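Here is a short report for a first look at this structure. Sheet, helices and aromatic rings are taken in turn.

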Amino acid sequence: MALGLLAGLGIGLGAGAAQAEIRLGALYPFSGELAVLGDESWRGLELAVEERNAAGGIKGEKITLVRGDAVDNNQAVAEARRLISVAQVKAIFGTYSSARSQVASQVAELARIPYFEMGAVSDSITERKFRYLFRTNPTARNMAERSIEMVVNSVAPAFSVEPKALRIAIIHEDSLYGTTVGRFQASYAKERGLTIVETLPYPANIVDMSSLILRLQAAKADVVLQTSYQNDTVLFFRQAREANFRPRAIIGGGGGYSLRETMQAVGPEVMDGVLNVDFTQYAINPKAAPGIEDFVAAYRAKYGMEPRSGHSLGNYVGAKVFLDAIAAAKSLAADDIRAAVAAVDVPDGTTPEGWGVKFGPDGQNERAKMMGLQWQDGRLVTVYPPEAAVSELRLRR
């Protein structure tokens, strides 16, 4: 049986195998409503591990990824415990979902097992200042700040109006992810003197957004900021179209807004012109993201398709950082791995993400940042900041 299949089943190679191994946990939502982005995140980790194994592994040993399905918070906790106590992994990589990362990382911290987050954005994850928790990706605060920055620096000038003249609505799913981003958006908007006309949370599994859209219409919202997963993103666009609700600009907060499947579900003509703030995507100036073209080529060769979102790239870059640190550690003991990760110093602008890596005392990468994106002609392209852009902003007047 192939190593990849064994890892996918969560089965180790056994003591009698000829090749020694290092087991690492891969905790993502592989099933349920977040499965697409969970699987896309896993692909980035898988590519990074395959590269490392092809180069000799870590300390001469091959890496085996043991998967755990974080389909919900309770399962995330149970799978984290299984990975630690049964699979005996040296570290856990994940996790995409903020709520699931929050609870699973606590299990790892209590067990003194390094937990490497590469996709969950809620700031509260690292605000706890756990000793064995590190995160490479940017946070909800970064996402919110960039979205408000784009309203002020891009959207308002495109319509030749003062930013405070725009009527802004904030809508978001009500889990840790959406709530955190929405709270920071409101705070940054207030700092900039912007006009917020509605702030509307809703459950991620919502099945009817018609009343929410009616409130947005009644508030005469010019700009809608939505933080959402895939299903609620698709529902919003379909019902907004049915209600003929067409604000001047819509800015997503990652999640469903970054998925090619979302664009296909609602139609490229509907998504055309929609803005998004998220991790680095693939249509970006290579000078600002060195190595991006090699990653895309490796992804295509492995999976026979175009990347579905930037989550695979984020997990690939993050995993390479952590794997390099583990390889440089004095031993595979948790404290030695922690010391090696804490010493990481990757200069800004030198990774395929376009940023560098330097962990603060709380374990958060202080050099991570979000990009400003837009759906144009069926592609999600970088439009902000200017040095990373491959296209100019297009908004309907």
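## Charges over rings

This is a predicted model. The charged end of R67 sits over the ring of W42, at 4.8 Å from the ring centre. R43 lies over the face of Y303, and here the distance to the ring centre is 4.4 Å.

## The sheet

Five strands build an open sheet. Their order is 2-1-3-4-5, and they pair in parallel. Strand 2 (62-69) and strand 5 (133-135) are the edges. Each has a single partner strand, so one side of each has no neighbour in the sheet. On average, neighbouring strands are turned by 25° against each other, direction ignored.

What joins strand 4 to strand 5? Strand 4 covers residues 115-117, and three bridges pair it with strand 5 in the parallel sense. Y115 has L133 of strand 5 as its bridge partner.

## Helices across the sheet

Helix 4 (residues 98-110) lies across strand 1 (21-28), strand 4 and strand 5. Helix 4 runs at about 155° to strand 4.

Helix 13 (residues 311-328) lies across strand 1, strand 2, strand 3 (92-94), strand 4 and strand 5. Its angle to strand 3 is about 165°.

## Aromatic rings

How many aromatic pairs does the whole structure hold? A search finds 16. One of them joins Y28 and F30, edge-to-face. Their centres are 5.8 Å apart, with 75° between the planes. Y28 and F30 are both buried.

One aromatic cluster is formed by F93, F116, F134, F322 and F359.

Terms used:
Residues numbered from 1 in each chain as written. Predicted model: local features only at pLDDT ≥ 70, side-chain atom pairs only at ≥ 80, totals over all residues. Heavy atoms only, no water. Phe/Tyr/Trp six-rings, centres within 6.5 Å; stacked < 30°, edge-to-face > 60°. Buried < 20%, exposed > 50% of the residue type's maximum accessible area, 1.4 Å probe, protein only. Lys NZ or Arg CZ within 6 Å of the ring centre and 35° of its normal. Pairing = 2+ DSSP bridges. Helix = DSSP H or I, 4+ residues; strand = E, 2+ residues; numbered from the N terminus. Axes fitted to C-alpha atoms, helices over the stretch in contact; angles between N-to-C directions. Contact = heavy atoms within 4.5 Å.
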